[in-house]
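I'm opening my notebook on this one. My plan is to look up a few things and jot down what I find.

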Amino acid sequence: MVGNLKKLLFLILQNPIFLAASVCAVLFYSNILRIEDKEEFKCLLNEKSIIELNGVLSSNPAKTLSGAYYSARMMVSDVTSSSGSKGSANGSVCLYVPAALVEAPYPGKIYTKVKTESILFEQGATLKLKVRFLPDNPNPKPTFIVESAQSEGFENSLRGRFFRIRALSRIQFKRLMYGWKGAGALLLALLSGSREYTEDGLSDAFRKAGLSHILALSGMHLSLFGGLAFFLGNKIARRNLADFLQLLAVLFFVWFAGVSPSLFRSLLSSIIMFVNSSLRLKRFKGLTVLSAAFLIHIMIFPSDMMSVTFMLSYGALFGIMTAGQLIKMLLTRRLFPKLSEGIAQSTGAQLFTAPVSIRYFGAVMPIGIISTLFMSPLILLFLYTGLFAIIICLILPFLEPFFNVIMNIIYKAIQFTVDFFQMFPPITIRN
């Protein structure tokens with residue numbers, strides 16, 4: 001065991017890409033180097049006096065815990081103050097948008113209006129907003145509450161057209177999933193990050209069961225899409241085409257769901273492995289891929305480093321690749337290989353994400369080590385069945401009631417599992 005530990009440490013420490021990533025992490029998280037926000041809001045007018053914002057949504061709206069608002073970011077082009085003064089501006093602000101405005105075009109919501117009256121609050125939409133400044137907000141960006149909105153459509157450019165197609169596609173997908181009730185709501189959350197229809201308390205139950213990572217869009221979802229595309233490509237053509245189809249599937253998923261820190265990490269890893277495979281280079285080790293993705297990520301989106309999702313995503317993968325491997329060596333002789341691997345990965349991820357969980361949530365859920373072993377296969381079954389059902393129902397719509405029943409049976413099993421594991425108490429750390 002000691003020999004294996006020394007060998008693993010030696011391999012890690014002689015990896016220059018890992019060492020570079022480690023140095024960057026230490027310098028930034030210790031505040032020796034400061035992360036410059038490229039989207040810092042700049043305006044000559046006092047931000048507290050601003051009552052109107054014009055600009056483009058730069059993120060998908062995400063429902064807040066209260067459910068009364070959605071949070072989103074906007075790249076601002078010009079503003080108007082309470083005195084009537086107008087001025088140009090640039091940079092990003094945070095918005096809290098009332099649910100009634102965001103959910104107007106969503107099927108089944110009490111706010112639903114006819115299509116011509118609805119405003120699409122989706123990334124890329126150009127909007128004119130009446131707002132009021134929100135003081136004493138912990139968000140480092142200026143934050144505003146939206147009082148009313150006027151749509152300016154999407155930019156008349158190729159980029160704008162892509163955003164428009166994406167927005168309309170997401171709305172249509174919501175309408176399809178609405179008919180599947182609870183199962184459709186969970187599938188919608190897993191495939192697009194939208195949680196408008198998830199049952200009350202479901203997200204909280206996942207968190208208490210140590211399963212928050214299941215609902216977060218991450219590498220598991222990309223692996224599913226990429227794996228299916230690779231399997232099909234490998235059956236009908238050569239390896240090169242299979243790799244290319246896998247990359248296309250990953251790019252499509254990220255485009256449709258939106259670029260979150262965890263998804264972007266997975267995307268970068270997929271691109272690195274695609275290049276590695278295409279050039280027929282010696283296969284990169286997992287830690288090398290993760291370290292390279294980290295370095296590229298902080299160059300493109302440096303502000304992501306302060307995101308909890310970013311820290312949990314990279315911390316979990318690092319824990320799996322280091323501590324997880326050591327735990328696996330200990331358990332393999334005592335347990336079945338698959339079981340020992342699952343426990344090792346869950347434990348490694350928990351160990352390296354625990355400091356972040358304690359810092360931001362004040363608690364850790366050790367039951368997640370066990371609950372993940374039961375939930376991961378269920379979620380994979382749910383996702384694969386859901387994707388198959390969507391394709392079949394688009395071709396043969398009359399089969400929708402049948403798949404509705406099948407999906408909701410699996411959903412009930414997921415619900416039961418989550419409810420069981422959320423009963424185990426967390427370890428609470430008081431500051």
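Which residues form one aromatic cluster together with F173? I looked, and F252, W255 and F256 join F173 there. A note to self before I go on: this is a predicted model.

**Entry: aromatic pairs**

I searched the whole structure for aromatic pairs and got 16. I picked F252 and W255 to begin with: their ring centres are 5.7 Å apart and their planes sit at 40 degrees, so I log the pair as tilted. Tilted is what remains between stacked, under 30 degrees, and edge-to-face, over 60. Both F252 and W255 are in helix α9, 3 residues apart, which is about one turn of the helix.

Are these two covered up? I checked each in turn. F252 has a relative accessible area of 44%, so I call F252 partly exposed. W255 comes out at 29%, so W255 is partly exposed too.

Next I took F388 and F403. Their ring centres lie 6.0 Å apart with the planes at 70 degrees, so this pair goes down as edge-to-face. I then looked up where the two sit: F388 is in helix α15 and F403 in helix α16 (residues 400–421), 15 residues apart, and the pair links distant parts of the chain. F403 is at 8% relative accessibility, so I put F403 down as buried, the cut-off being under 20%. F388, at 49%, counts as partly exposed, because exposed needs over 50%.

**Entry: helix α15**

Since F388 had taken me to α15, I stayed with that helix. How far apart should its ends be? Helix α15 covers residues 368–395, 28 residues in all, so at 1.5 Å a residue I'd expect a span of 40 Å. The end C-alpha atoms are 39 Å apart, which agrees. I also found a bend in α15 of about 30 degrees at M375. A proline, P377, follows M375 within four residues.

**Entry: a nonpolar patch**

Back to α9, this time for the surface. I found a nonpolar patch of about 740 Å², made by L241, F244, L248, L251, I271, V275, L279, L281 and F284. Two elements give two or more residues to this patch: α9 (239–257) and α10 (261–278). Which one gives the largest share? That is α9, with 4 residues.

I checked one patch member, L248, which is placed in helix α9. L248 has 41% relative accessibility, so L248 goes down as partly exposed.

Note on methods
Residues are numbered from 1 along each chain as its sequence is written. This is a predicted model: local features need pLDDT of at least 70, side-chain atom pairs count only at pLDDT 80 or more; totals for chains, interfaces and linings use all residues. Side-chain values use heavy atoms; hydrogens and water are left out. Patches are made of residues with over 30% relative accessible area and no salt bridge: like charges are joined within 9 Å, nonpolar side chains (Val, Leu, Ile, Met, Phe, Trp, Tyr) within 5 Å. Accessible areas come from the Shrake-Rupley method with a 1.4 Å probe; for residues, only the protein chains shown count as cover. A salt bridge is a side-chain nitrogen of Lys or Arg within 4 Å of a carboxyl oxygen of Asp or Glu. Buried means under 20% relative accessible area, exposed over 50%, partly exposed in between (1.4 Å probe, protein chains only). The expected span of a helix is 1.5 Å times one less than its number of residues. The bend at a residue is the angle between axes fitted to the seven residues ending there and the seven starting there. Rings of Phe, Tyr and Trp (its six-membered ring) pair if their centres lie within 6.5 Å; planes under 30 degrees apart count as stacked, over 60 as edge-to-face and the rest as tilted.
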